[in-house]
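The following paragraphs are meant to be read with the model open, moving from one chain to the other. Please keep the sequence at hand while following them.

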Amino acid sequence: MVDDEGSLTTDNPAIFDALRSPYLGFRSVFFFPGVTSMVLKPALMLVALLVSLAACEPPGSSDELDSSPLKGSIIETGGERPRFTLSDTDGNPYSFEDETEGLLSFIFFGYTNCPDVCPIHMAMLATVIGRLDPADRGRVRVVFISTDPARDTPEVLRRWLDSFDPGFVGLLGTLDEVNAVAESLLLPPAAVPVNAGESYIVGHAASVLAVTPDGGTRVKYGFGTRHEDWAADLPLLLQWKAQIP
Amino acid sequence: MQWWCSAQGQPWDWTWRPYVGVWLFVALIAAGYVALRRRYPPPEPDNGDGRHRAAYFVTGLILLWAALDWPLGALGASYLASAHVTQFLLAGVIAPGLMLLGIPRGAFGLIERRPTLHAFLGDLTHPVPAFLIFNVGMTVTHWPGVVDAAMVTQAGAFALDMAWVFCGVIFWWPLLAPIPARPGLHPLMKIGYLALNGILIRPPFAMMLFSEYPIYSTYELAPPFPGTNPLHDQQFAGAIMKLGTAWIMGVAAFMIFREWMRTEEAAEDPSVPSGWPI
C-alpha cells in the first residue's frame with residue numbers, strides 16, 4: 001500500500017527487505033568481472049572438455065570397423081548354419097542345425113560359476129529379448145554351452161539359466177567336445193586349470209555369436225556390448241538376409 | 001596400492017581395502033582446520049559458538065571420509081549407481097555445507113585483506129553463479145559419458161570427487177559464509193534459493209529414473225552385485241538423488257527459518273537468546 005507521502009509500505013516488511021537486497025540488483029546479477037575473467041573462461045573450457053569426453057566413442061567400436069548398421073561385428077556372411085550336437089539339460093541330444101532352423105540364435109560359451117562375463121551377457125539378453133513382441137520372442141533362441149563340465153551338471157545349469165530366462169537352452173558335453181565346437185565357430189577354446197580344487201576360474205570366449213535366421217551370417221558381440229546395443233541389433237538381426245556374392 | 005577408489009572390474013567382496021589417498025586428503029583438511037582454529041580462536045565470551053562450529057566441521061569431515069573411503073567409495077566407483085549418488089549427497093552436498101559452517105568467522109578476514117581474492121570469491125559466490133555452478137556441475141559430473149570416462153582411473157575418479165566438493169562449497173557459500181563488506185542474503189532469499197534447488201529437475205535424475213536401459217556402462221558392465229540388477233539400481237539412484245537433495249534443502253531451509261525467527265524474537269525481546277546467525 002502507499003502511505004501519505006507516496007512511498008510503498010507493507011505490513012510485511014520482510015518481503016520488501018528481501019527484495020531490496022543488493023543481491024537482486026540488476027548490476028550484481030549481470031556484471032561479474034571477477035567471475036568472467038577468472039572463473040567463467042576456465043569453467044567453460046572444463047565444461048567443453050567434459051562434454052567432449054562424453055561425446056567420444058570408445059575405440060574400436062563396430063561403427064568404425066565396418067559399415068553395417070549392426071553394433072556387432074560380422075565375421076562371416078554367405079555361409080551355412082553351424083552344425084554340432086551336444087546334450088541339453090534334459091540329457092537329450094540337441095542338434096543346433098535342426099533345432100534353430102529359421103530362428104535367430106545366440107551362442108555363448110560360459111559356466112555357471114563365472115563371476116562376471118557370463119551373468120552379464122545372459123542378463124542383458126534376457127532383458128532385451130523379454131521386451132520383444134511375443135511373436136519375435138518366439139523366433140529367438142539363446143544357446144548357452146557350458147565350459148565347466150565338472151561343476152555344471154544338468155540340474156545346476158538348468159537352475160542357473162532359469163534365473164535369467166526359462167527359454168534359454170543349456171548344452172553340455174566333455175571339454176574336448178565343447179572346445180571342438182568353439183573352434184569350429186572360430187572362437188577360442190576354454191581352459192580349465194588342472195588340479196584346481198573346488199573353486200576355480202575357467203578361461204573362455206567372452207563373445208556371444210549371433211546366427212541369423214537364414215543361417216548365413218554370423219555376428220560377434222564382445223563383452224562390453226550394452227543393453228541398448230542389443231536392443232538396436234535384435235530387430236535388424238531378425239530380418240537379416242545373408243549377402244551371398 | 002590403491003590411492004583412490006575407481007572402477008575395478010573385479011567381483012565385489014567384503015574384504016577391506018586401504019585407499020591411502022583418501023586418508024591423506026582427509027588428514028590434510030583436518031590439519032588445515034586445526035591450524036585455522038589456532039590462528040582464529042573463537043572470540044570471548046564464546047557462548048558455545050566455537051564448540052558448535054568445531055562439531056559441524058568434524059561431522060562434515062567424517063561424512064566426507066565415509067563417502068570417499070571403503071566400502072561406500074569402492075561400491076560407488078565400481079558397482080552401484082545408488083552408492084555413487086549416495087557418495088555425491090554426502091561429499092558434494094552435506095559435507096561441504098557442514099565444513100563451511102565450521103570455519104571460524106575470523107578466518108574470513110583473510111578474504112578482506114586480499115582484494116583479488118575478495119573480488120574473485122565475491123562474484124563466484126554470488127547466488128546466481130553459485131546456483132549455476134552447482135547445478136551445471138551436478139549435471140556434468142553425473143553425465144553418463146563423463147562418469148564412464150572418469151571412473152576407470154584413479155585420477156578421473158579423484159577429479160570427479162573434487163568437482164563435487166568444490167561445487168558443494170560454492171553452493172553453500174552464499175548461505176553460510178560471509179564475504180566481508182558484502183551484506184548477506186536475507187533469510188527469505190536463502191529459503192528461496194534452497195527451495196529452487198530442492199524442486200529443480202536435473203537431466204541426470206530424469207535419465208536415471210526414466211531410461212529404458214542402464215545409462216552408465218560402469219555399472220551395467222560391472223560384475224553383478226548380489227541381489228541387484230543395474231537398471232533397478234539406477235532407478236533407485238535417481239530416487240535417492242531427487243529425494244535426498246530435496247530433503248537436504250528442506251532441512252537447511254527449516255534451520256534458516258528457525259534461526260531467523262529466533263533472531264527476530266531476540267530483536268524484539270532482549271531476554272530471548274538470539275539465534276546463531278547462519
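**A strand in chain A and a helix contact in chain B**

Chain A has ten helices and eight strands, and it should be kept in mind throughout that the model is predicted. Of the 245 residues in chain A, 32% count as buried. Among the contacts in this chain between residues at least 6 apart in sequence, 66% join residues at least 24 apart.

A useful place to begin is strand β4 of chain A, which spans residues 104-110. Seven of the seven residues of β4(A) are buried, so the strand is largely enclosed by the rest of the structure. In a regular strand the side chains alternate between the two faces of the sheet. Both faces of β4(A) are covered, since Leu104(A), Phe106(A), Phe108(A) and Gly110(A) on one side are buried, and Ser105(A), Ile107(A) and Phe109(A) on the other are buried as well.

The neighbours of this strand in the sheet come next. β4(A) pairs in the parallel sense with strand β5 of chain A, residues 140-146, over seven bridges, and within β5(A) the bridge partner of Phe106(A) is Val142(A). With strand β7 of chain A, residues 208-211, β4(A) runs antiparallel and is joined by three bridges; here Ser105(A) has Val211(A) of β7(A) as its bridge partner.

Turning to chain B, the residue to find is Gly97(B), which lies in helix α4, residues 81-101. Is Gly97(B) buried or exposed? Gly97(B) has 22 other C-beta atoms within 10 Å, and because a residue counts as buried when 20 or more lie within that distance, Gly97(B) is buried. Leaving aside residues up to four places away in sequence, Gly97(B) touches Gly168(B), Trp172(B) and Leu176(B). The C-alpha atoms of Gly97(B) and Val169(B) are separated by 6.5 Å, although these residues are 72 residues apart along the chain.

These contacts can be placed in the packing of two helices. The axes of α4(B) and helix α9 of chain B, residues 154-176, come within 8 Å and cross at roughly 45°, which means that α4(B) is oblique to α9(B). The crossing of the two helices is right-handed. On the side of α4(B), the residues making the contact include Phe88(B), Val93(B), Pro96(B), Gly97(B) and Leu100(B), while those of α9(B) include Trp164(B), Val165(B), Gly168(B), Trp172(B) and Leu176(B). By class, the residues of the contact between α4(B) and α9(B) divide into 13 nonpolar, three polar and one charged.

Conventions. Residues are numbered from 1 along each chain as its sequence is written. Chains are lettered from A and ligands numbered from 1 in the order in which they are written. This is a predicted model: local features need pLDDT of at least 70, side-chain atom pairs count only at pLDDT 80 or more; totals for chains, interfaces and linings use all residues. A residue is buried if 20 or more other C-beta atoms lie within 10 Å of its own, exposed if 12 or fewer, and partly exposed in between; C-beta atoms are placed from the backbone. Helices (H or I, at least four residues) and strands (E, at least two) are DSSP runs, numbered from the N terminus. Two strands pair if DSSP finds at least two bridges between them. Two residues are in contact if their C-beta atoms, placed from the backbone, lie within 7 Å. Axes are lines fitted to C-alpha atoms, for helices over the stretch in contact, and angles run from 0 to 180 degrees between N-to-C directions. Angles under 35 degrees count as roughly parallel, over 145 as roughly antiparallel, 65 to 115 as roughly perpendicular and the rest as oblique. A crossing is left-handed if the near helix is turned anticlockwise from the far one by less than a right angle, and right-handed if clockwise. Ala, Val, Leu, Ile, Met, Phe, Trp, Tyr, Cys and Pro count as nonpolar, Asp, Glu, Lys and Arg as charged, and the others, Gly among them, as polar.
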